[in-house]
Amino acid sequence: MSLDPSYDVLASDARILLADHASPDPAQVRLRDDFVRALAVGPEAMWRGGPPDHFTASMFVYDASREHVCLVLHKKARLWLQPGGHLEPGDGSVAEAALREATEETGLAGLRVRPGLAHLSHHELSTRFGRCRSHRDLRFVATAPPGATPAVSDESDDVRWWPVRDLPVDTDPELRVVVPGLAGLS
């Protein structure tokens, strides 16, 4: 099977996003450098059928007040997480993939996406994820329109707004630092 040409576009976009991603956090700098090296394998790194350690895209969706974040109860991870997932043929950019995932998983339309990467995460996965061993997640930030109400999708067991400083117990501990920190980005 030949790789869809969309993945060439996505790999190129990821290189540009990573080159532009400046962070004062040394851990984010190390992740950025690791992600750049991972892209050296080629566009296959962007594809769920490529290496077992591949790229994903996700979106931290905040309400209009930036006091709440929309999280989904992920079926496989069994944790409250930001919406996101694998890049697909036809995604015109990594940010478009993250927006597609956020819209599909939360039912929220009209999201306003902040340009550029907001955060990077490389996380190991449980055996519930099949052949996927880890995800190199390219994370973005978006704001929902005032009064937006999320809806549960087929990909999650629940979806709801959570106070930025009072996230659910069953979430990734990293989010307790990341979510409040990114709430101030416009």
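This is a chat about a predicted model of one protein chain, from its overall make-up to one of its strands.

Trainee: Where do I start? How many helices and strands are in the protein chain?
Mentor: Count 4 helices and 8 strands. Keep in mind that the model is predicted.

Trainee: And in what order do the elements run from the N terminus?
Mentor: The order is α-α-β-β-β-β-α-β-β-β-β-α. So the protein chain opens with α-α and ends with α.

Trainee: How compact is the protein chain for its length, and why?
Mentor: It is as compact as a globular protein of that length, because its radius of gyration is 15 Å, close to the 16 Å that the globule rule gives for 186 residues.

Trainee: What does the C-alpha trace span along its principal axes?
Mentor: About 45 × 35 × 30 Å.

Trainee: What percentage of the residues are buried?
Mentor: Buried residues come to 49% of the 186.

Trainee: Now the surface. How much area does the protein chain expose?
Mentor: About 8800 Å². Carbon and sulfur atoms supply 55% of that area.

Trainee: Let's zoom in on E7. Which residues does that strand cover?
Mentor: Strand E7 takes in residues 134–143.

Trainee: Are its residues buried or exposed?
Mentor: Buried, 10 of 10.

Trainee: What about the two faces of E7?
Mentor: Both are covered. One side has Ser 134, Arg 136, Leu 138, Phe 140 and Ala 142. The other has His 135, Asp 137, Arg 139, Val 141 and Thr 143.

Trainee: Which strands are joined to E7 by bridges?
Mentor: Among them are E1, E5 and E6. Strand E1, residues 53–62, runs parallel to E7, with 10 bridges between them.

Trainee: Which residue of E7 does Thr 56 stand opposite?
Mentor: Asp 137. That residue is buried, too.

Trainee: And E6, is it parallel or antiparallel to E7?
Mentor: Antiparallel, over 6 bridges. E6 spans residues 119–124. There, Glu 124 stands opposite Ser 134 of E7.

Trainee: How many bridges does E5 make with E7?
Mentor: E5, residues 112–113, is joined to E7 by 2 bridges and runs antiparallel to it. Val 113 stands opposite Ala 142.

Trainee: Back to the whole chain. What share of contacts join residues at least 24 apart?
Mentor: Take contacts between residues at least 6 apart in sequence. Of these, 70% join residues at least 24 apart.

Trainee: Last topic, charges. How many positive and negative ones are there?
Mentor: The protein chain has 20 positive and 27 negative charges. Their mean positions are 4 Å apart.

Technical notes. Residues numbered from 1 in each chain as written. Predicted model: local features only at pLDDT ≥ 70, side-chain atom pairs only at ≥ 80, totals over all residues. Heavy atoms only, no water. Buried < 20%, exposed > 50% of the residue type's maximum accessible area, 1.4 Å probe, protein only. Pairing = 2+ DSSP bridges. Rg over C-alpha atoms; globule rule 2.2 N^0.38 Å. Contact = heavy atoms within 4.5 Å. Areas by Shrake-Rupley, 256 points an atom, 1.4 Å probe, with all protein chains shown as cover. Lys, Arg positive; Asp, Glu negative; His and termini not counted. Charge placed at Lys NZ, Arg CZ, Asp CG, Glu CD.
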